[in-house]
Amino acid sequence: MKTRGIWIVLTLVAVAVVIFLSLRRGGPRVPQAYLYDVEQYREAETQVPLPYKETARWPLALREPRAVAVKGDGPVVVVGDRVALVLDAAGEELRRIELADEPRCVAVADVVYVGFLDRIVAYGLDGEKQAEWETLGEQAYLTGLAILGDEVFATDYGQRVVWRFDAEGKMRGRIRSASKSDGFVFPSPTFDVAADGDGLWVVNSGRRRVEQYSPQGKRGTMWGRSSMELDGFSGCCNPTHIAVMPDGRFVTTEKGLPRVKVYAADGTFAALVAGSVQLGQDAGLLDVAVDAAGRILVLDAADRSIRIYEEQPDDG
Amino acid sequence: MTDNDQKQTSRREMLRLVGRVGVLGCLASLAGMLTGRLRAGCIEAGPACKGCPDQDGCDLVTPPTVWQLDPAKCTQCGQCATDCVLAQSAVRCFHTHALCGHCKLCFGYFEPGARVLSSAAENQLCPTGAIQRRFVEDPYYTYTIEKDLCIGCAKCVHGCGMFGNGSLYLQVDHELCKNCNECSIARRCPANAFERVPVSEAYLLKGQGEEEGH
Ligand code: SF4
Ligand code: SF4
Ligand code: SF4
């Protein structure tokens with residue numbers, strides 16, 4: 001009788017210890033002070049209205065899509081891997097242009113300009129290669145392209161300049177940092193450019209702002225503030241990309257807390273298009289373009305797709 | 001004794017036997033777990049190894065491999081700081097300076113939302129103040145890790161990876177690691193980031209080998 005009692009006690013103790021040790025595995029025992037917490041900023045995204053809705057998503061048969069551009073109401077061009085895909089306004093593939101190297105950025109008008117690390121190559125919309133422009137040197141690292149009138153502008157992260165070319169690829173000049181103490185800062189390769197009737201809009205991501213330049217390189221207005229709040233830009237280098245809307249407003253994208261936002265023409269925050277809830281925390285770099293109808297095309301490299309956002313009519 | 005009695009007795013004996021086997025099984029597995037844990041803390045070569053005929057091939061004395069964590073898999077859960085058998089974890093923050101943006105607003109250094117970019121303690125995210133920030137030229141700063149203060153919590157790694165260039169990352173520091181048979185962090189790492197690597201390639205560094213230590 002006594003022996004049986006000991007066995008029972010031993011059994012219970014053994015089972016309890018085994019269960020305790022097993023449950024301890026991977027339990028949440030990490031002090032709060034060790035955890036990086038940005039939940040309040042994610043939460044803030046859920047408190048604002050989302051006037052834009054994702055109305056379509058175009059899957060891309062690309063391993064590493066890099067950049068997107070659109071020609072007004074014409075074709076959309078996506079580059080990635082070693083190919084440029086020409087798509088129609090519904091996302092159907094019209095043409096596939098094989099490229100000799102990894103593309104980095106793209107712009108499109110009547111010509112498709114593809115930026116590689118150190119040079120630009122021009123293609124017709126029919127896919128014919130038209131011209132390969134001269135190399136910009138070993139230090140070059142092109143990250144963005146914009147077309148203004150009959151000129152092409154290219155941001156070069158490696159040399160911290162914006163190159164200015166005519167349509168044939170002849171270099172007309174370069175835009176350098178406005179000043180050493182208040183000039184370009186790029187901790188990472190996030191240096192984009194867009195253009196409209198007011199000139200060039202250059203992302204100075206290390207200073208978390210957007211700067212206006214004339215084609216000749218004169219700096220004009222600036223907007224954007226450094227903040228984790230929704231109306232500001234956070235992280236080492238945001239915004240990462242920019243596009244101008246047909247009515248003069250801006251669309252920006254950010255990394256870290258992935259966000260797509262609209263700013264008024266004077267740079268005041270207008271709307272959140274999509275945040276980390278919609279895009280997922282691992283969205284990575286998001287290139288952006290806007291077509292003539294005001295549709296926002298976001299290249300989601302992690303999802304290998306283009307997300308189309310359209311403004312919804314205001315019910316109120 | 002009737003047939004019935006005999007049957008009942010043998011069934012009782014059978015049950016008792018099964019019970020005993022079960023209990024012994026439980027005790028054995030408990031002993032196994034505890035031994036594993038004890039071994040995890042005491043595998044250094046010591047005087048007891050002297051004269052051991054198996055010394056040459058013994059991987060406790062000359063381990064052919066060591067524990068290391070893959071920064072690409074790590075999800076910065078914080079358990080590297082809490083789960084090492086050492087009082088202060090053998091996992092430390094490493095910094096590949098060549099990848100660093102030398103940002104004035106460093107998200108590996110400042111608490112998210114810090115209003116003033118000064119080195120005041122309340123602005124720093126490192127719970128032990130292990131990151132040193134030095135001015136280079138406007139607007140660039142350099143960041144170094146005070147190895148002795150770092151506890152491997154990965155908080156800075158998370159901020160740097162999320163908002164910066166990911167130049168901060170964790171590594172098992174082999175000057176400190178006991179190379180336990182069963183690494184107590186590896187057992188619980190939710191990302192399965194730990195692996196055995198050859199001693200000759202004991203670190204999984206970011207960049208092309210330009211890691212500059214701490
Ligand atoms: S336990 Fe794994 S996931 Fe957690 S911090 Fe350590 S290596 Fe990273
Ligand atoms: S891992 Fe980073 S935040 Fe954590 S103690 Fe080390 S230096 Fe500080
Ligand atoms: S193997 Fe190294 S890192 Fe892992 S528990 Fe042992 S001492 Fe700590």
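# A guided tour of the predicted model

C237(A) is buried, with a relative accessible area of 0%. Select this residue to open the tour; the model in the viewer is a predicted one.

**Stop 1: the disulfide in chain A**

Add C236(A) to the selection. This cysteine is buried as well, at a relative accessible area of 2%. C236(A) and C237(A) are joined as a disulfide, with 2.0 Å between their sulfur atoms. A disulfide is a covalent bond linking the sulfur atoms of two cysteines. What is the handedness of this disulfide? The torsion about the S-S bond of C236(A) and C237(A) is about -65°, so the disulfide is left-handed. A search of the whole structure yields 1 disulfide over all chains.

**Stop 2: a strand residue in chain A**

Next, select V260(A), which belongs to strand β20, residues 259-263 of chain A. Its relative accessible area is 0%, so V260(A) is buried. Display the surroundings of V260(A), leaving aside neighbours within four places in sequence: the contacts are V251(A), T252(A), T253(A), L272(A), V273(A), A274(A), L279(A), L286(A) and V298(A). To check one of these pairs, place a distance label between C-alpha atoms: V260(A) and L272(A), 12 residues apart in sequence, are 6.3 Å apart in space.

**Stop 3: the domains of chain A**

Colour chain A by domain. The assignment gives domain 1 as residues 1-35 and domain 2 as residues 41-311. How many Å separate the centres of domain 1 and domain 2 of chain A? Taken over C-alpha atoms, the centres of these two domains are 57 Å apart.

**Stop 4: salt bridges**

Side chains of opposite charge can pair when their charged atoms come close. Over all chains, the structure holds 34 salt bridges. Three individual pairs and one network are worth selecting in turn.

- Select R295(A) and D291(A): their closest N and O atoms are 2.7 Å apart in a salt bridge, and both R295(A) and D291(A) are buried.
- Select R63(A) and E64(A): this salt bridge has its closest N and O atoms 3.8 Å apart. R63(A) is exposed, with a relative accessible area of 53%, whereas E64(A), at 36% relative accessibility, counts as partly exposed.
- Move to chain B and select R187(B) with E182(B): the closest N and O atoms of this salt bridge are 3.1 Å apart. R187(B) counts as buried at 18% relative accessibility, while E182(B) is partly exposed at 36%.
- Return to chain A for the network: salt bridges link E54(A), R57(A), D300(A), D303(A) and R307(A).

**Stop 5: chain B as a whole**

Show chain B as a cartoon. It contains 4 helices and 6 strands, and from the N terminus on the elements run α-β-α-β-β-β-α-β-α-β. Of the 214 residues in chain B, 41% are buried. Among the contacts in chain B with a separation of 6 or more, 73% are accounted for by residues 24 or more positions apart.

**Stop 6: helix α3 of chain B**

Select residues 155-163 of chain B. Is helix α3 of chain B largely enclosed or largely open? In this helix 7 of the 9 residues are buried, so α3(B) is largely enclosed by the rest of the structure. The buried residues are K155(B), C156(B), V157(B), G159(B), C160(B), M162(B) and F163(B). Turn on the surrounding elements to see what covers these residues: the cover includes α2 (39-45) of chain A, together with β2 (91-95), β3 (131-137) and β5 (168-172) of chain B.

**Stop 7: the shells of ligands 2 and 3**

Keep C156(B) selected and add ligand 2. C156(B) is one of the residues around ligand 2. The others are C93(B), C126(B), P127(B), T128(B), A130(B), I131(B), C150(B), I151(B), G152(B), C153(B) and A154(B). By class, this shell divides into 10 nonpolar, 2 polar and no charged residues.

Then select ligand 3. Around it are W67(B), C84(B), V85(B), A90(B), C177(B), K178(B), N179(B), C180(B), C183(B), S184(B) and I185(B). Which classes make up the shell around ligand 3? There are 8 nonpolar, 2 polar and 1 charged residues in the shell of ligand 3. Within the shell of ligand 3, pick C183(B); at 9% relative accessibility, C183(B) counts as buried. As a last selection, take C80(B), which counts as buried at 10% relative accessibility.

Technical notes:
Residues numbered from 1 in each chain as written. Chains lettered and ligands numbered in written order. Predicted model: local features only at pLDDT ≥ 70, side-chain atom pairs only at ≥ 80, totals over all residues. Heavy atoms only, no water. Buried < 20%, exposed > 50% of the residue type's maximum accessible area, 1.4 Å probe, protein only. Helix = DSSP H or I, 4+ residues; strand = E, 2+ residues; numbered from the N terminus. Contact = heavy atoms within 4.5 Å. Salt bridge = Lys/Arg side-chain N within 4 Å of Asp/Glu carboxyl O. Near = heavy atom within 4 Å. Nonpolar A, V, L, I, M, F, W, Y, C, P; charged D, E, K, R; others polar. Disulfide = S-S within 2.5 Å. Domains from an automatic or database assignment.
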